[in-house]
Every structure is written in C-alpha cells, then in structure tokens.
Amino acid sequence: MLAPEDYMRRALELAERGLYTTAPNPRVGCVIVDEAGDIIGEGWTQPAGQNHAEVQALLDAAKRGKSVAGATAYVTLEPCSHFGRTPPCCDALVKAGIGRVAAAMEDPNPLVSGKGFERLAAAGISVSSGLMEEEARALNEGFISRIVRGRPFVRLKIAASLDGKTALANGVSKWITGEAARTDGHHWRARSCAVLTGIGTVIADDPLMNVRAVETPRQPLRIVLDSRLRIPASAQILHGGNTLIVTTNDDASRHAELKAAGAEILHLPASNERVDIAALLPILGQRGINELLVEAGAELNAAFMQSGYVDEYLLYIAPTFLGDPARGLAMLPAFTSLDERIALRFHSVEQVGEDLRILARPAA
C-alpha cells in the first residue's frame with residue numbers, strides 16, 4: 001500500500017492534465033483507492049460545463065468494473081456542493097458510497113468553502129484536508145486569485161540578455177533567446193486565460209500573440225492596451241477574433257471599424273492619459289480570467305511593475321550582452337535610494353536550452 005502523499009501526488013499529476021483546459025474552473029484531480037490500497041479510479045476536471053474530477057474518477061472505476069463502496073477519494077480541492085454548470089460532486093460521492101475523502105485544500109469559493117466537507121460529513125463520510133496543500137495551491141494560483149482578490153494572477157514575461165536588454169537600439173529583437181526558451185514561453189501562454197500586450201508592441205512587431213509552439217485545445221484571449229486606438233484594422237493580432245482592445249478613446253467610427261475587423265472594444269476612463277490597470281484587472285476577473293500573461297515592451301512593463309499588481313516574473317535570460325545603447329526591459333524612473341528598488345525573491349531557476357528561465361516574485 002502506498003503512502004497518502006503518493007496518492008495525492010498522483011491526483012495532482014492528473015489535475016495538471018487540465019492545465020490548458022479547465023478555466024475558469026480550477027484544475028482538480030481525483031484518485032479513488034480501495035481498502036486494499038489499490039487505485040481503482042482516476043479523473044481530472046474537464047472543460048467548463050463537463051464533468052469534474054470526482055465524477056470522472058467514479059466513471060473510470062465503473063469502467064474498470066470496480067466498486068467504490070468504502071473507498072477513499074483523494075482529491076486536490078474540496079468537492080463542490082452547489083449546482084453550477086454541473087451537479088454537486090458531493091452528491092455523486094455520497095451516492096457512490098465513498099467512505100472517506102482526503103482533500104488537499106478547502107475551496108476558497110464562498111459557494112463551496114467548507115460546505116462541501118460539511119455535506120460529506122453529514123452523510124457519514126470521513127473527511128480530512130491539508131494533505132499537500134502547498135502543491136495544490138500552486139496549481140490553482142490563478143483561480144484562487146480571482147476568487148479571493150477579484151482579479152487574475154498576473155505574470156509578467158520578459159526575454160532579455162544578461163545585461164537586461166530586450167532589443168538592439170534599432171529595435172531588432174529576433175531572436176535574443178533560443179528556440180527552446182521560445183517554445184517554453186508558449187507553454188506559459190497556453191496555460192494563461194489571457195495574454196496582454198501594448199499598442200507599442202503591436203505597431204513595432206505586428207505579433208499574433210497566440211499559442212503555436214505547443215498543442216492546446218483553446219487559445220487565450222488576446223488583450224491590447226491602446227488608449228488612443230492607434231491599432232490598424234489589418235493588425236495580425238485581430239486575425240481570428242478573440243481579441244479585446246482596451247482603450248480610453250470613445251471614437252464611435254474607430255470602434256465600428258475595429259469591431260468589423262473582429263475585435264471586442266472595452267472603453268475605460270483614462271488615468272494619466274493611459275488605460276487604468278487597476279480598473280481593468282477586476283473586469284478581467286469578472287470575465288473568468290484566472291491567469292493573465294503580460295508580454296509587452298519596456299513602457300508597459302514598467303507600468304505593471306510599478307502598479308504592484310505583478311504576482312510573478314517570468315524571465316528568460318540569454319547568455320549574451322547587447323551593450324548600453326540597446327533597449328532595456330523596463331522604462332523605470334531613476335531611483336534615488338535603494339529603498340525605492342523593486343525587490344524580488346527567486347522562486348525557481350532552470351536552464352531551458354541555452355537560456356535561463358527565472359521565476360521571481362515580489363519580496364514583500
């Protein structure tokens with residue numbers, strides 16, 4: 001018989017299979033173990049509106065011809081107790097005769113939080129929580145952020161040289177990092193609900209901003225911050241729709257032109273003649289955006305860095321120097337004291353191809 005951590009670890013592995021697909025729902029995995037310690041059912045949450053992990057695991061056990069009566073369900077998140085797009089998972093577990101539920105963490109959603117455990121306990125099912133909670137939280141930081149803070153988990157991606165440059169002085173930037181790092185970057189795009197950039201990047205590079213290097217069943221929403229609506233209707237980022245332009249410009253004719261090109265327009269009040277990031281993020285939360293990936297230029301990078309809303313920095317550092325005249329990664333103001341610096345702590349450092357991938361988070 002394996003240790004409880006082994007079963008939960010397997011449940012987390014299953015949950016990760018929904019990395020690109022479950023949003024706006026959380027990524028959840030479930031493993032059902034019989035009294036002899038054998039795994040008799042496995043499942044993970046399907047795209048929104050389809051089965052949750054617990055139901056998938058019960059169906060898997062049925063396909064194997066296994067009875068789950070008295071079995072233990074290891075699940076990475078508290079089973080839901082409310083009717084949403086699907087019936088409550090608690091009811092399915094009770095009906096199936098599950099004897100025990102071991103959850104990694106309580107669901108932060110007020111519709112569920114603690115109620116799922118109470119419902120299971122009321123049906124005579126033994127309940128525990130907290131097994132490998134840190135790992136479960138890491139898998140669903142975006143969902144937790146949206147539910148608890150009302151805004152997405154914001155990840156700022158930058159590819160730079162060792163001396164912190166993102167392009168030559170003439171604007172040439174393809175390619176500072178290697179193919180492996182660029183492919184890895186598409187993985188982070190694929191797991192994000194939305195990818196955000198600025199109009200400066202659109203005009204300079206005419207990017208697609210979609211996922212191409214890895215397989216994904218869905219593309220993230222593409223967001224362009226364009227306060228003055230300078231984006232041309234022919235921009236590649238508008239191809240195929242699924243693009244949101246956020247602006248402070250209320251020119252009806254431009255709105256109509258861009259809508260005809262496939263864009264959705266969101267008009268917000270200006271803040272210092274720019275799109276107000278603080279006003280935008282709660283709106284994205286309301287739209288079910290769990291993880292937001294920012295891929296922008298130096299000016300917008302600085303705006304996000306100074307806003308205090310960046311939860312994680314995704315940095316690809318190439319083993320090269322581009323020199324002082326080259327373009328920096330953020331147009332931050334000149335600090336006069338070290339107390340003004342933006343302090344980070346390294347979360348992980350890995351080599352990807354010839355480059356380094358650094359995940360860093362605010363130190364405070």
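The largest cavity holds about 80 Å³ of space. Of the 17 residues lining this cavity, Thr22, Ala23, Asn25, Arg27 and Asn290 are the closest to its centre. The model is a predicted one, and a search of the whole structure finds one cavity of 30 Å³ or more. Helix H6, residues 141-149, gives the most to the lining of the largest cavity, contributing three residues. By residue class, that lining divides into six nonpolar, seven polar and four charged residues.

From the enclosed space we turn to an open one. The second largest pocket has a volume of about 550 Å³. It is lined by 19 residues, of which Ala138, Leu139, Glu141, Arg191 and His347 are the closest to the centre. Several elements meet the criterion of supplying at least two residues each to the lining of this pocket: helix H1 (4-16), helix H5 (133-139), helix H7 (179-191), S17 and strand S18 (355-362). H5 accounts for the largest share, with four residues. The lining of the second largest pocket comprises ten charged, three polar and six nonpolar residues.

Strand S17 (344-352) also helps to place a residue of the surface: Ile342 lies in the loop between strand S16 (327-328) and S17. Ile342 counts as partly exposed because its relative accessibility is 34%, a value between the limits of 20% for buried and 50% for exposed. Together with Phe335 and Leu344, Ile342 forms a nonpolar patch on the surface, and the accessible area of the three together is about 220 Å².

Conventions. Residues are numbered from 1 along each chain as its sequence is written. This is a predicted model: local features need pLDDT of at least 70, side-chain atom pairs count only at pLDDT 80 or more; totals for chains, interfaces and linings use all residues. Side-chain values use heavy atoms; hydrogens and water are left out. Patches are made of residues with over 30% relative accessible area and no salt bridge: like charges are joined within 9 Å, nonpolar side chains (Val, Leu, Ile, Met, Phe, Trp, Tyr) within 5 Å. Accessible areas come from the Shrake-Rupley method with a 1.4 Å probe; for residues, only the protein chains shown count as cover. A salt bridge is a side-chain nitrogen of Lys or Arg within 4 Å of a carboxyl oxygen of Asp or Glu. Buried means under 20% relative accessible area, exposed over 50%, partly exposed in between (1.4 Å probe, protein chains only). On a 1 Å grid over the protein atoms alone, a cavity is a set of points where a 1.4 Å probe fits but cannot get out, and a pocket is an open set with protein on both sides within 12 Å along at least five of seven lines; lining residues have an atom within 4 Å of a point. Grid points are joined across faces, edges and corners, and a volume is the space filled by probe spheres set on the points. Ala, Val, Leu, Ile, Met, Phe, Trp, Tyr, Cys and Pro count as nonpolar, Asp, Glu, Lys and Arg as charged, and the others, Gly among them, as polar.
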